[in-house]
Amino acid sequence: MSGGIFGIGISALLAAQRQLEVTGHNIANVGTEGYSRQRAELAAREPLGPGYAAIGRGVGVIGVERIVDQFVNFRLEMRITADAEQRTLAEFAGQVNNLLGDAESGLAPALKDFFAAVHDVANDPTSTAARQALITQGESLADRFAQLEARIQDQRAIASGRIRAGLAEINQLAEGIAELNRAIVDARGRGGGAPPNDLLDKRDELVRRLAEHLPVDTAEQTDGSLNVYVGRGQALVVGFDATTLAARPLYGDPDRLAIGYEQNGRFIDVTSLLQGGKLGALLDARTKLLDPASAELGRIAISLAETFNAVHRANMDLDGELGGDFFSFAPPAAVPGQGNSATGSPQVSIVDVGELAASDYQLRFDGTAFVVRRLADGAAVGSIPPGGSAVIDGLSIDLAGVTGAATGDSFLLRPTSPATTLSVAVQDPRSVAAALPIHAAPGDGNSGAAEIVGVSVLDPTDPALRDAIDIEFVGGELVVDGTPVPLDPSGETVVEANGWRVVIRGVPEEGDVFTVRDNAGAAGDNRGALALAALETARTMGGGTASYGDAYAGLVARVGVETRRAEINADVQARMLEEAWAQRENVSGVNLDEEAANLVKAQQAYAAAAQVIATAGQMIDTLLQAVRR
Amino acid sequence: MRISTAQIYRNGLTAMQSRQTELSRTQQQLATGKRLLTPADDPAASAQALKLHERIASIEQYGRNAEQAATWLGQEEAVLVSIADSLNRVRELAVQGANATQTPESRQAIARELRQISVGLLDAANSRAANGEYLFAGFRSTNQPFQPGPGGQIGYAGDDGQREIELAPGRKVAVGDSGRAFMTIPRGNGVFAVTPDAANAGTGRVADAEVFDRSALTGEPYTIVMTAPDAYEILDGDGVVVATGAYTAGQGIDIAGMRVVLDGEPAAGDRFHIEPGATTSIFAIVDDLAAAFEAPATTPGERALLTHRATSALLDVDRAIGRVLELRTDVGARMNMIDDQADVNADQTLHLNGTLSQIEDLDYAEAISRFSMQLAALQAAQQTYVQVSRLSLFDWLK
């Protein structure tokens with residue numbers, strides 16, 4: 001009988017003790033990342049005795065429960081993934097945004113200074129100082145392109161560095177989860193199916209950290225182990241085994257990475273399946289932010305160089321020679337893919353700089369033809385049969401040199417990559433071509449009212465360009481080199497011959513002549529420099545829609561919009577993450593005040609239980625005294 | 001809703017951090033005076049600001065161009081003034097020297113002055129700009145444009161290129177003028193000139209020369225030859241007689257739309273050359289006049305020639321002065337154009353700067369009040385954090 005009371009008292013004492021322990025454990029782990037509060041589950045012991053007078057046998061601790069809501073945790077993981085993705089994107093967008101938009105270090109001031117130097121040459125074409133200044137400003141401009149590209153390249157290197165570090169962490173986490181799976185399965189076996197709460201917390205925490213890197217799907221198995229899938233169902237952890245992800249450089253570029261894993265000695269590329277999370281954002285930062293910005297910079301650099309060179313070549317320098325190229329840059333690069341069976345390389349050249357798109361291209365052999373894909377928007381823009389050639393987006397691609405292509409072979413074309421290779425080809429200030437090679441003038445004896453209003457060079461390679469030739473007005477027509485040109489009713493007649501164009505306004509008198517002569521020695525001629533200066537505002541890019549400055553402003557605005565969007569998304573995701581955390585804390589977090597109250601409660605239960613035992617003792621004492629008497 | 005202790009701290013921290021971020025942004029705005037710190041703050045406005053900066057810089061560049069053009073034109077104008085002054089002096093001397101009261105000695109003195117003026121004119125026409133370029137050489141501005149040729153005649157080695165400087169997009173002003181302007185001064189009446197032959201013995205002189213029928217002009221040279229004191233014949237360029245007639249002083253002789261009036265008493269064999277489209281240079285005018293005054297004027301023929309040369313020089317000088325005046329007017333108009341453009345540019349700069357300021361500059365009043373508000377919010381966040389975190393049931397458990 002007294003055994004019953006003792007038993008009840010002791011059970012209560014033990015239960016209170018256990019409660020105190022659990023509360024203490026909660027308090028101890030108030031600062032532990034990922035800890036879920038626990039609760040001692042109590043249940044009244046089954047009563048003894050006949051049914052009509054069943055007396056309870058005290059209390060038993062049936063288990064220690066970890067208070068979690070799997071759905072809340074799952075949502076939290078999702079939010080962590082989305083938040084990490086947007087935060088990383090915003091960070092990179094912000095970097096590109098700052099480096100392009102900076103009022104001092106952006107491209108705009110360098111462009112301005114360069115064209116100011118062109119104007120200065122136009123103002124004072126005989127000045128060697130002004131010419132030297134133009135060369136120097138040209139070098140500064142080239143340097144600025146190179147610096148901007150180098151800073152974008154820095155960001156690429158940072159991104160790929162972080163991808164590598166991220167993969168190392170992912171592998172570590174996957175490994176950790178696999179190990180915890182084993183520990184949890186073991187612990188459950190030992191504990192007769194009782195959940196090892198703290199190990200589960202630890203595993204949840206690892207999954208959460210994994211979710212920062214990439215979106216995860218989890219499936220708990222009946223034995224208590226957790227399978228983890230990433231991307232589109234790629235198993236990362238199955239039971240006690242973890243897959244190791246690895247990064248491989250593509251096209252020989254250490255900063256262009258493919259992510260995958262080894263299976264039976266083959267590298268399975270899963271890059272395209274990995275979207276979201278920090279890893280997805282790092283991959284996106286390259287393809288959606290850095291590469292387009294760099295390609296656009298390259299496009300501006302090429303357009304500037306090509307259009308400036310074209311005008312410069314049609315001009316004449318101080319020594320009376322036709323101008324050469326003012327800028328030089330490396331030709332478009334074609335990089336073979338890893339493991340190509342094809343030999344040789346495509347010949348790529350720029351045929352129409354105005355049509356260039358700011359993008360890299362991929363050529364991939366599908367068994368019958370090379371499919372050309374524009375990487376900026378992923379569009380298939382054409383296909384070229386082996387050995388054939390095509391002109392796509394202002395690029396001439398010739399595959400005559402490529403033989404033995406096998407399905408899957410690829411080449412990466414980087415037509416707009418030469419921002420870093422731009423340099424000034426002109427060294428001698430006298431070689432800056434600021435004059436036109438020909439001079440047209442009305443003859444001395446002209447009596448008509450016609451005048452020359454425009455002279456330009458159409459084809460500087462025409463061998464007869466600088467031949468002395470007269471345009472005569474005979475029989476109501478202008479005759480050049482035996483070819484009659486009727487007067488244009490608009491009043492301005494265009495005469496073209498020998499690679500030049502002369503515009504004559506007004507009606508000449510019969511017998512009037514207009515002489516076209518070699519302009520060698522005309523040091524003071526600035527018409528060529530004016531033509532160069534006019535390029536600053538000429539719409540030479542994007543099929544005649546944008547000047548260099550416009551194109552750059554467009555780039556800055558685009559990156560600005562991207563950044564703004566990324567920042568807003570990051571804000572939104574941060575708030576949603578906050579909310580998901582609050583919900584998780586709401587369910588699983590430790591509240592010290594609550595624990596204090598639990599502590600007091602358990603303490604009092606403990607004191608009361610002790611009192612029960614004391615009372616039972618007294619009962620026995622009383623009985624013993626009665627017996628002794 | 002349950003709130004975990006960690007959550008209490010996290011909330012307090014997040015609140016403080018976001019207040020701090022806002023505050024730091026406002027602080028940065030206040031420090032730079034710019035509303036837009038990065039293009040992402042307002043991508044559209046930033047692109048616009050970039051364009052505006054570009055345009056303002058362009059206008060500054062155009063301003064520099066205009067200064068250069070104005071300097072050049074100013075130099076040109078100064079030279080043209082000095083040339084016009086010299087030519088006016090030549091005109092005075094021509095009148096003075098033609099005066100019958102002059103002695104051979106005084107004419108020699110005038111001739112000497114004319115020779116000096118001629119040298120001065122050559123120097124003036126060969127003037128250089130501050131950068132060493134010749135002002136009146138067209139595009140060949142590094143070569144001296146006016147040089148004496150083998151016969152002592154001043155030739156022009158430049159071309160008729162005219163440098164243009166851009167004042168605004170599509171608006172160019174010509175600086176520099178071709179030196180050909182000094183070389184192509186029409187002689188006589190502007191269509192043709194009649195010159196008595198230097199060997200004439202009579203006193204026949206050209207009283208008038210005009211075009212009476214423009215459509216009959218042939219552009220060919222002719223010579224009137226006195227076959228007798230009262231008869232003439234007209235030879236064409238090939239020496240073929242095309243007309244003959246009787247000479248009456250003061251009566252016009254018509255040749256191919258041109259009418260020449262001779263008077264005085266020409267001697268048989270005297271010749272008068274008709275040169276259509278003849279031009280001369282300012283140097284030749286002065287040198288010819290000097291030569292005329294240097295030549296002896298004792299015989300009637302010589303005297304008639306002197307008179308003729310002095311009067312025709314007067315005509316030529318007037319035309320030369322007219323030509324120089326035209327150039328000056330033109331230069332003045334171009335300088336006005338530069339001034340006008342400068343005004344337009346100044347207006348535009350003001351306007352663009354205003355727009356730019358609206359786009360990217362900070363409204364200080366608004367920013368400062370925002371700053372104080374954010375400061376107060378941060379302080380509130382800090383205070384509540386401290387107070388909330390101080391609350392614990394454990395404090396009351398003894």
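Reader: Why are H2(A) and H4(A) called roughly antiparallel to each other?

Author: Angles over 145 degrees count as roughly antiparallel, and H2(A) packs against helix H4 (residues 128-190) of chain A at about 170°, with the axes 10 Å apart. So roughly antiparallel is the right name for H2(A) and H4(A). The axes are lines fitted to C-alpha atoms over the stretch in contact, and angles run from 0 to 180 degrees between N-to-C directions. By the way, this is a predicted model, where local features need pLDDT of at least 70, side-chain atom pairs count only at pLDDT 80 or more, and totals for chains, interfaces and linings use all residues. Residues are numbered from 1 along each chain as written, with chains lettered from A and ligands numbered from 1 in the order in which they are written.

Reader: What makes the contact between H2(A) and H4(A)?

Author: H2(A) brings Phe92(A), Gln95(A), Val96(A) and Leu99(A), while H4(A) brings Leu148(A), Arg151(A), Ile152(A), Gln155(A) and Ala159(A). Being in contact takes C-beta atoms, placed from the backbone, within 7 Å.

Reader: How do you know that E6(B) is mostly covered?

Author: Count the buried residues: four of the five in strand E6 (residues 192-196) of chain B. Buried takes 20 or more other C-beta atoms within 10 Å of a residue's own.

Reader: And what makes E6(B) and E13(B) a pair?

Author: Pairing needs at least two bridges found by DSSP, and five join E6(B) to strand E13 (residues 271-276) of chain B, so these antiparallel strands qualify. One of the bridges links Pro196(B) with Phe272(B).

How values were computed. Helix = DSSP H or I, 4+ residues; strand = E, 2+ residues; numbered from the N terminus. Parallel < 35°, antiparallel > 145°, perpendicular 65-115°, else oblique. Contact = placed C-beta atoms within 7 Å. Buried ≥ 20, exposed ≤ 12 C-beta atoms within 10 Å, placed from the backbone.
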